[in-house]
Amino acid sequence: MTDKAFSTLPRAAKGRVCPPPALTGALKAVADAVTVWPEVQATTHWRFDAPNQVDGVDFYVGPDELGHIHLDGSIHLATSPQLSEELVAEGLGQPFVWARGWTLASVSELGVERSVALFRRNYDRLRPSNT
């Protein structure tokens, strides 16, 4: 079994690489916390069905996709299948129906602290030497 989520894409394959949009409230708090971790880069997340429309912020750790926050507050984490199963079992997320190994969560349901913790668990999986 792979330790990577299926269907992750290199940053350039997801549309133009642009600075992330300005966020407010809880979404800004989560994004601000994640972007200060070593090697994390944040860029605009574009809608797949409307590639010129901003839909949130993508986070990458080096070449690896960490996940993204949509403007509606939904979180899509590019977890491993094993981490996805753990997060779902702990009630911290739901399986992502479109790709195995991804985890779906919501900032509005989890709050800032637990949302940041989800990203951190995935970050620590990608960069275990930073823990």
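This is a short tour of the structure above, stop by stop, with something to select at each one.

Before starting, note that the model is predicted: local features need pLDDT of at least 70, side-chain atom pairs count only at pLDDT 80 or more, and totals for chains, interfaces and linings use all residues. Residues are numbered from 1 along each chain as its sequence is written, and side-chain values use heavy atoms, with hydrogens and water left out.

**The whole chain**

Start with a cartoon view. You should find three helices and six strands, in the order α-β-β-β-β-α-β-β-α along the sequence. Helices (H or I, at least four residues) and strands (E, at least two) are DSSP runs, numbered from the N terminus. Of the 131 residues in the chain, 44% are buried; here buried means under 20% relative accessible area, exposed over 50%, and partly exposed in between (1.4 Å probe, protein chains only). Contact means heavy atoms within 4.5 Å, and among contacts between residues at least 6 apart in sequence, 58% join residues at least 24 apart.

**Helices H1 and H3**

Now select residues 25–35 (H1) and 107–126 (H3). Two packed helices are described by the angle between their axes and the distance between the axes. How do H1 and H3 pack? Their axes are 9 Å apart, at an angle of about 5 degrees. The axes are lines fitted to C-alpha atoms, for helices over the stretch in contact, and angles run from 0 to 180 degrees between N-to-C directions. H1 and H3 are therefore roughly parallel, the class for angles under 35 degrees (over 145 is roughly antiparallel, 65 to 115 roughly perpendicular, and the rest oblique).

To see the contact, show side chains for Ala26, Leu27, Ala29, Val30, Ala33 and Val34 on H1, and for Val107, Val112, Ser115, Val116 and Phe119 on H3. Colour them by class and you get 10 nonpolar residues, one polar and no charged. In this scheme Ala, Val, Leu, Ile, Met, Phe, Trp, Tyr, Cys and Pro count as nonpolar, Asp, Glu, Lys and Arg as charged, and the others, Gly among them, as polar.

**Aromatic rings**

Stay with Phe119 and add Phe59. Rings of Phe, Tyr and Trp (its six-membered ring) pair if their centres lie within 6.5 Å; planes under 30 degrees apart count as stacked, over 60 as edge-to-face and the rest as tilted. By this rule there are three aromatic pairs. One of them is Phe59 with Phe119, edge-to-face, at 5.3 Å centre to centre and 70 degrees between the planes. Phe59 belongs to strand S2 (residues 54–61) and Phe119 to helix H3, so the pair ties together parts that are 60 residues apart in sequence. Both rings' residues, Phe59 and Phe119, are buried.

Next, pick Phe96 and Trp102, a tilted pair with 5.7 Å between centres and 35 degrees between planes. Phe96 counts as buried at 15% relative accessibility, and Trp102 is buried too, at 6%.

For a charge over a ring, select Arg120 and Trp37: Arg120 lies over the face of Trp37, at 4.9 Å from the ring centre. The rule asks for NZ of Lys or CZ of Arg within 6 Å of the ring centre and within 35 degrees of the ring normal.

**Two buried strand residues**

Select Ser106 in strand S6 (residues 103–106). Is Ser106 buried or exposed? At 14% relative accessibility, Ser106 counts as buried. Not counting residues up to four places away in sequence, Ser106 touches Gly73, Ser74 and Ser115.

Then move to Asp64 in strand S3 (residues 64–70), buried with a relative accessible area of 16%. Asp64 and Tyr123 are 59 residues apart in sequence, with 9.7 Å between their C-alpha atoms.

**Two loop residues**

Glu39 sits in the loop between H1 and strand S1 (40–46) and is partly exposed, at 45%. Check its backbone: phi of Glu39 is near 75 degrees, a positive value in a residue other than glycine. Most residues other than glycine have a negative phi.

Finish at Asn52, in the loop between S1 and S2. Asn52 is exposed, with a relative accessible area of 64%. Leaving aside neighbours within four places in sequence, Asn52 is in contact with Arg16 and Trp46.
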